[in-house]
Amino acid sequence: MLETGAIWGITGTTVTSFMFFWAIYKQYVPAHFRAYVERYFHKMIGWISYYVDIKFTEYTDEGLKRSQAYDSIRNYLASKSTALAKRLKANETKNSKSLVFSMDDHEEIEDEFEGVKVKWYSNVKVIQPQSNYGQRSSEERRHFTLSFHRRHRGMIIETYLDHVLREGKAIGLMNRERKLYTNNSSQEWYPWRSGKWSNVPFHHPATFETLAMDPEKKEGIKKDLIKFSKGKDYYEKVGKPWKRGYLLFGPPGTGKSTMIAAIANFLDYDVYDLELTTVKDNSELKKLLLDTTSKSIIVIEDIDCSLDLTGQRKKKKEEDEEEDGEEKKEGEKKPKVDDKQSKVTLSGLLNSIDGLWSACSGEKIIVFTTNFVDKLDPALIRRGRMDNHIEMSYCKFEAFKVLAKNYLEIETHDLYGEIERKLEETDMSPADVAETLMPKSDEEDADICIKRLVKTLEEEKEKARKLAEEEEKKKAEKEAKKIKKAEEAEEKKKKTEEDEKKENVKGKEENGNVSQQNGNSIDLSKKSDS
């Protein structure tokens with residue numbers, strides 16, 4: 001029986017010999033031959049091994065896009081790693097609210113699902129940096145390896161992996177930091193630059209509780225949003241893409257942008273602010289929308305001002321015959337606006353938001369805002385595209401009470417009755433009411449702010465009265481000019497008719513004289529003949 005020292009000596013000699021031959025093998029054996037040998041070595045191991053390995057890489061084959069499956073697996077294993085792994089790695093990612101813990105490199109943990117035990121391994125491979133047209137590839141490529149007994153192959157592939165990916169995606173959505181995106185110029189659409197969208201953290205504080213709107217109307221919108229967010233199966237049953245359109249229209253300052261922020265916070269969605277004027281053509285628009293994620297709101301604000309989308313379908317309107325000559329001259333003096341570079345058409349926009357392309361990704365809300373809904377093409381805002389039309393009106397008493405509670409922390413005041421009456425008589429936007437209610441110094445209390453609002457409403461009412469008088473005056477002047485023009489046209493017509501009559505009479509007289517002269521000349525010729 002060998003002694004311990006002898007055993008250690010044989011072991012050391014064996015390891016040393018193996019390392020020596022391994023170094024010779026790596027240095028002198030050609031790479032293609034080594035690949036050939038290693039391929040058959042792994043095949044031999046597979047013949048005698050009862051375990052199956054599945055590899056999940058960090059990046060796709062192109063190496064440019066991060067694998068969604070890898071991220072979902074990492075999120076799933078993070079919940080297991082904090083309790084099971086010996087070595088953890090803490091990262092502060094740009095899309096997460098807090099630190100993210102995950103398995104450290106070359107670490108393993110064991111998981112159990114429906115009585116079956118599996119093992120996950122975290123691996124990293126170091127590669128040499130390369131340069132390809134200015135693109136820098138990462139020096140490390142990570143991957144997860146799932147190992148399980150081959151008798152459980154069917155259950156693992158069909159059930160367990162689906163469970164892991166679903167749970168990991170849910171964890172990622174729960175921990176992510178919501179973003180506000182804006183589209184970039186197509187010149188920046190490269191992985192090593194900004195990409196199609198730039199983003200910043202979305203921290204807008206607006207909620208439905210702070211939104212100045214009638215409570216019943218708000219409650220209806222919230223119920224509609226909840227129904228949509230839970231309607232995946234319903235939309236599949238009726239054969240519609242899982243999306244919903246909202247048209248927000250109303251005067252400036254009525255809270256359209258605040259409504260969008262409240263919807264995003266209510267549903268916990270990202271926001272994509274799409275600027276159509278920077279989109280080159282319809283094809284580029286489709287690519288932008290395809291690059292958006294689910295659980296997001298795509299916003300096109302002031303769509304009536306973004307592009308002349310309705311130019312191809314505008315009805316021919318009658319020109320105002322009473323337009324003043326001076327106004328025409330002023331219009332001619334105005335510089336012509338250059339044609340916009342964007343070639344996005346109404347047809348292209350409709351196909352992107354409601355055609356076949358709209359079904360490529362689900363759970364999205366599309367929002368259009370406008371100050372002048374009458375300017376929009378009916379095809380753009382029909383039901384089915386813009387399913388819910390929400391009018392953002394001037395501030396009424398119910399909306400005022402919300403603002404008073406938000407800004408002054410009061411729910412009643414002696415002047416509430418007067419304010420209610422004045423709000424019915426005066427058009428004032430919620431933004432103007434909010435600015436009036438906001439204390440301007442530490443010395444101002446709720447009473448001062450309420451009285452200032454009453455005074456402001458009186459001033460606005462007086463301004464509206466004067467403006468109405470001016471409009472009435474202009475209308476009267478326009479009518480007077482119209483009547484004067486009509487009279488001048490009638491006089492001109494009469495004069496023309498009189499001139500024509502005189503010309504006719506004069507022509508007849510001249511014709512009569514000519515006839516008489518011709519008759520006299522004939523008589524004279526007869527006399528000479530005789």
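Modeller: A residue is called buried under 20% relative accessible area, exposed over 50%, and partly exposed in between, with a 1.4 Å probe and protein chains only. This is a predicted model, in which local features need pLDDT of at least 70 and side-chain atom pairs count only at pLDDT 80 or more, while totals for chains, interfaces and linings use all residues. Residues are numbered from 1 along each chain as its sequence is written, and side-chain values use heavy atoms, with hydrogens and water left out.

Colleague: Why is Lys 295 called partly exposed?

Modeller: Its relative accessible area is 24%. That value falls between the limits for buried and exposed, so the middle term applies. Lys 295 sits in the loop between α8 (282-290) and β13 (296-300), where helices (H or I, at least four residues) and strands (E, at least two) are DSSP runs numbered from the N terminus.

Colleague: What makes the backbone of Lys 295 worth noting?

Modeller: Lys 295 has a positive phi of about 55° although it is not a glycine. Most residues other than glycine have a negative phi. Glu 114, in the loop between β4 (107-113) and β5 (116-126), also has a positive phi, of about 50°, and is not a glycine.

Colleague: Is Glu 114 buried or exposed, and how do you know?

Modeller: Glu 114 has a relative accessible area of 59%, and therefore counts as exposed.

Colleague: Why is the contact between Arg 178 and Asp 268 called a salt bridge?

Modeller: The term requires a side-chain nitrogen of Lys or Arg within 4 Å of a carboxyl oxygen of Asp or Glu. In this pair the closest N and O atoms are 2.8 Å apart, so the condition is met. Arg 178 lies in the loop between α4 (153-175) and β9 (179-183), and Asp 268 in the loop between α7 (256-267) and β12 (270-273), so the pair ties together parts that are 90 residues apart in sequence. Arg 178 is buried, at 14% relative accessibility, whereas Asp 268 is partly exposed, at 32%. By this rule the count comes to 23 salt bridges.

Colleague: How do you know that Arg 385 and Asp 354 form a salt bridge?

Modeller: The N to O distance between their side chains is 3.2 Å, and this is within the limit, so the pair qualifies. Distant parts of the chain are linked here: Arg 385 is in the loop between α12 (378-381) and β15 (388-391), and Asp 354 is in helix α11 (residues 346-354), 31 residues apart. Arg 385 is buried at 14%, and Asp 354 is partly exposed at 22%. Salt bridges that share partners join Lys 243, Asp 354, Arg 382 and Arg 385 into one network.

Colleague: Why are the buried residues of α15 said to line one face of the helix?

Modeller: In α15 (residues 430-437), Pro 430, Val 433, Ala 434, Thr 436 and Leu 437 are buried. Seen down the helix axis, these buried residues fall within an arc of 160°, so they line one face; the arc is that of the directions from the helix axis to the C-beta atoms. An α-helix has 3.6 residues a turn, so residues three or four places apart point the same way.

Colleague: Which residues make up the nonpolar patch on the surface?

Modeller: The patch is formed by Phe 20, Phe 21, Ile 24 and Tyr 28, with about 480 Å² of accessible area together. Patches are made of residues with over 30% relative accessible area and no salt bridge, with like charges joined within 9 Å and nonpolar side chains (Val, Leu, Ile, Met, Phe, Trp, Tyr) within 5 Å. Accessible areas come from the Shrake-Rupley method with a 1.4 Å probe; for residues, only the protein chains shown count as cover. Phe 21, in helix α1 (residues 4-28), is exposed at 58%.

Colleague: What makes Glu 497 eligible for a surface patch?

Modeller: Glu 497 is partly exposed at 38%, a value over the 30% that a patch requires. It is found in helix α16 (residues 446-529). The negative patch is formed by Glu 487, Glu 488, Glu 490, Glu 491, Glu 497, Glu 498, Asp 499, Glu 500 and Glu 503. Asp and Glu count as negative, and Lys and Arg as positive, while His and the chain ends are not counted. The place of a charge is taken as NZ of Lys, CZ of Arg, CG of Asp or CD of Glu.

Colleague: Is Tyr 269 buried or exposed?

Modeller: With a relative accessible area of 1%, Tyr 269 is buried. It lies in the loop between α7 and β12. Tyr 269 and Leu 180 are 9.7 Å apart in space, C-alpha to C-alpha, and 89 residues apart in sequence.
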